[in-house]
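User: Please go through this structure with me, one question at a time. I want the cut-offs stated wherever a term depends on them.

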Amino acid sequence: MKKILILLAMAAGLSSCDKDFESINTNPTQSTNIDPVYLFSNAQLNTTLASQTMFYEAAIVQQVNTPFGGVNTGANLNQDYRDNSRVNWLYLYSGTNNGNNGPIKLLTAVLDQTKADSSRTNLYHMSRIWRAYVFQVLVDSYGDVPYFDAGKAYLSGNKLPKYDPQAEIYADLAKELEGAIAGLNAAKRIETGDLFYQGNVAKWKRLGYSLLLRIGMRYSKTDPAKAQALAQKAYQGGVLQSNDDNVRIQYSSIYTNPLGNLWNNTEKANLYVGAPFVSYLKATNDPRLTVIAVRYGEPSKNPEQTTVDRTFANQIGMPFGYDDGSIGTAPNFPGKVASGGWNYSQINRRTVGKVDGPTYYVTYAQTQLLLAEAAQRGWIQASAADLYKAGVAAHMNQMKDYDASATIPQTAIDEYLAAQPYTAARGLEQINSQYWVASFLNGPEAFANWRRSGFPVLAPNKYPGRTIAGDFIRRLTYPILEQSVNAENYNAAVSRQGPDDLETRVFWDKP
């Protein structure tokens, strides 16, 4: 990870009637003004994919599974456990769940400090773009959320922001992205404190258009005309061009990856790769399987253990519908391990599960696959087959960024694409199943695109103790505290969009 030195020190001004009291009690070496780029880089760093996204979003789309309840309760048991469903809200708004300021709070401060500063226009517009990303995650997770009043408590004194209709938020996000893209100017100050691109304006424009594409494709079921218009605009404007444009945070041994911590610490013996995910990769002879999944002889121990099975044919995903008391009755049960856990496939702790590995938010692979769908639908003039191949190859090439041992040779990529050719009749299924793979470990995005597209087709998790009436969870539930602290606005949102449960659909998620 490039050296991240984030200095957030503020001097407290003290007033007194005593002569020279303030000057005597002022630290001459302490900063009295914070460069807003430090707030911005903190916002980037704190846009965290929390470990709890594995218990809900990644488990809903059946990529990751655990048979345990308690702190691991979520989609594995189809239950509404708000300590886990609330984390996107807490992390992205206030940041109180991880001890840091949330990106919404920080980005609001940056926008306030730079909107009238002609020398910092790029920082202003970069903040608008990243704010759009964060709010899309919040809307996709919960539906109606505080938007226009969000993060402004210290500016306006409004500590009880109203929830805005989700469709109105989405419309404003597209507007914000277009305005921010137009406002970026390479002739202005380059903000090198930016953790993603070190202020590269051309890359920020490409990110803006890629997010516009992502927003546009969410409308594919509810408003195809709008989806087409936004996809065309994004494609013509220019989206991410290669893996060099991927939006990611590269963690280190000091700033560790929250998901890497999950795979390597107290839960290491309790989390497994889901059976549908492993089965899909095995059925297509996908070389990514042995990069992602291994079977540890002793799941509770560190990856240095001698018994590590990386054999493709031997990988077995954990089935859904069981808890720790019934998993032994599952078909193809590989057995309980005396030292802790079961001998199902787990996340490879030396590659995608490293504590110092990267987290990806928006990638070239995802973007190419969305363009492939737009082309397949006739919304842009491009080859769906070529875009599909580019997206699959990009994700396979992305693997090496986790670790050199995760490199997939070009010959293996070529063989895979030759054996799994794009077929127009199955285009939507192929494209979105690959998007599912390309979004592995980004639970919120995998969950959102699965709801939108309906692919891959998954069998419902029929856990006997589930609390949902339907086949699948469709949204996450609000933090319980909102029901009492911000009751009036909470109740208005629930009245408008539907019950605050796991089955109410967000506006773009049509049956």
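**Charged pairs, cores and buried positions**

User: What is the relative accessible area of Lys 162?

Analyst: Lys 162 is classed as partly exposed, a class that lies between buried (under 20% relative accessible area) and exposed (over 50%), with a 1.4 Å probe and protein chains only. The model is predicted, so local features need pLDDT of at least 70 and side-chain atom pairs count only at pLDDT 80 or more, while totals for chains, interfaces and linings use all residues. Residues are numbered from 1 along each chain as its sequence is written, and side-chain values use heavy atoms, with hydrogens and water left out. For Lys 162 the relative accessible area is 38%.

User: With which side chain does Lys 162 meet in a salt bridge?

Analyst: A salt bridge requires a side-chain nitrogen of Lys or Arg within 4 Å of a carboxyl oxygen of Asp or Glu. Lys 162 satisfies this with an N to O distance of 2.3 Å. The partner is buried, at a relative accessible area of 1%. That partner is Asp 164.

User: How many salt bridges are there in total?

Analyst: Side chains of opposite charge can pair when their charged atoms come close. Some of these pairs join up: Asp 35, Arg 120, Arg 189 and Glu 191 are linked in a network. By the stated rule, the number of salt bridges is 29.

User: How far apart are the closest N and O atoms of Arg 189 and Glu 191?

Analyst: Arg 189 is partly exposed, with a relative accessible area of 41%, whereas Glu 191 is buried at 2%. The two form a salt bridge, and both belong to the network with Asp 35 and Arg 120. Their closest N and O atoms are separated by 3.8 Å.

User: How many residues apart are Arg 218 and Glu 445?

Analyst: The side chains of Arg 218 and Glu 445 meet in a salt bridge, 2.8 Å from N to O. This pair links distant parts of the chain, with Arg 218 in helix H10 and Glu 445 in helix H19 (residues 443–453); helices (H or I, at least four residues) and strands (E, at least two) are DSSP runs numbered from the N terminus. Both ends are buried, Arg 218 at 2% relative accessibility and Glu 445 at 4%. Their separation along the chain is 227 residues.

User: Which helix holds Tyr 435?

Analyst: Tyr 435 has a relative accessible area of 1%, so it counts as buried. Leaving aside neighbours within four places in sequence, its contacts (heavy atoms within 4.5 Å) are Arg 214, Gln 366, Leu 369, Leu 370, Glu 445 and Asn 449. Tyr 435 lies in residues 427–438, helix H18.

User: Which side chain makes a polar contact with the side chain of Asp 144?

Analyst: Asp 144 sits in the loop between H7 and strand S2 (145–146), and is buried at 2% relative accessibility. Beyond four places in sequence it touches several residues, including Tyr 163, Asp 164 and Tyr 478. A polar contact is a pair of N or O atoms within 3.5 Å; within protein, one must be able to donate a hydrogen and the other to accept it, and residues adjacent in sequence count only if both atoms are side-chain atoms. At 2.7 Å, the side chain in polar contact with that of Asp 144 belongs to Arg 496.

User: Which residues have the most contacts inside the largest nonpolar core?

Analyst: A nonpolar core is a set of buried Ala, Val, Leu, Ile, Met, Phe, Trp, Tyr and Cys residues joined through side-chain atoms within 4.5 Å. The largest has 139 residues, and its largest share, 12 residues, comes from helix H7 (residues 121–142). Trp 204 is in contact with Phe 40, Met 126, Ile 129 and Trp 130, among others. The residues with the most contacts inside this core are Trp 130 and Trp 204.

User: How many of the 10 residues of helix H2 are buried?

Analyst: Helix H2 (residues 36–45) is largely enclosed by the rest of the structure. Its buried residues, including Phe 40 and Gln 44, pack against helix H6 (103–114), H7, helix H10 (201–218) and strand S4 (247–250). The number of buried residues in H2 is 9.
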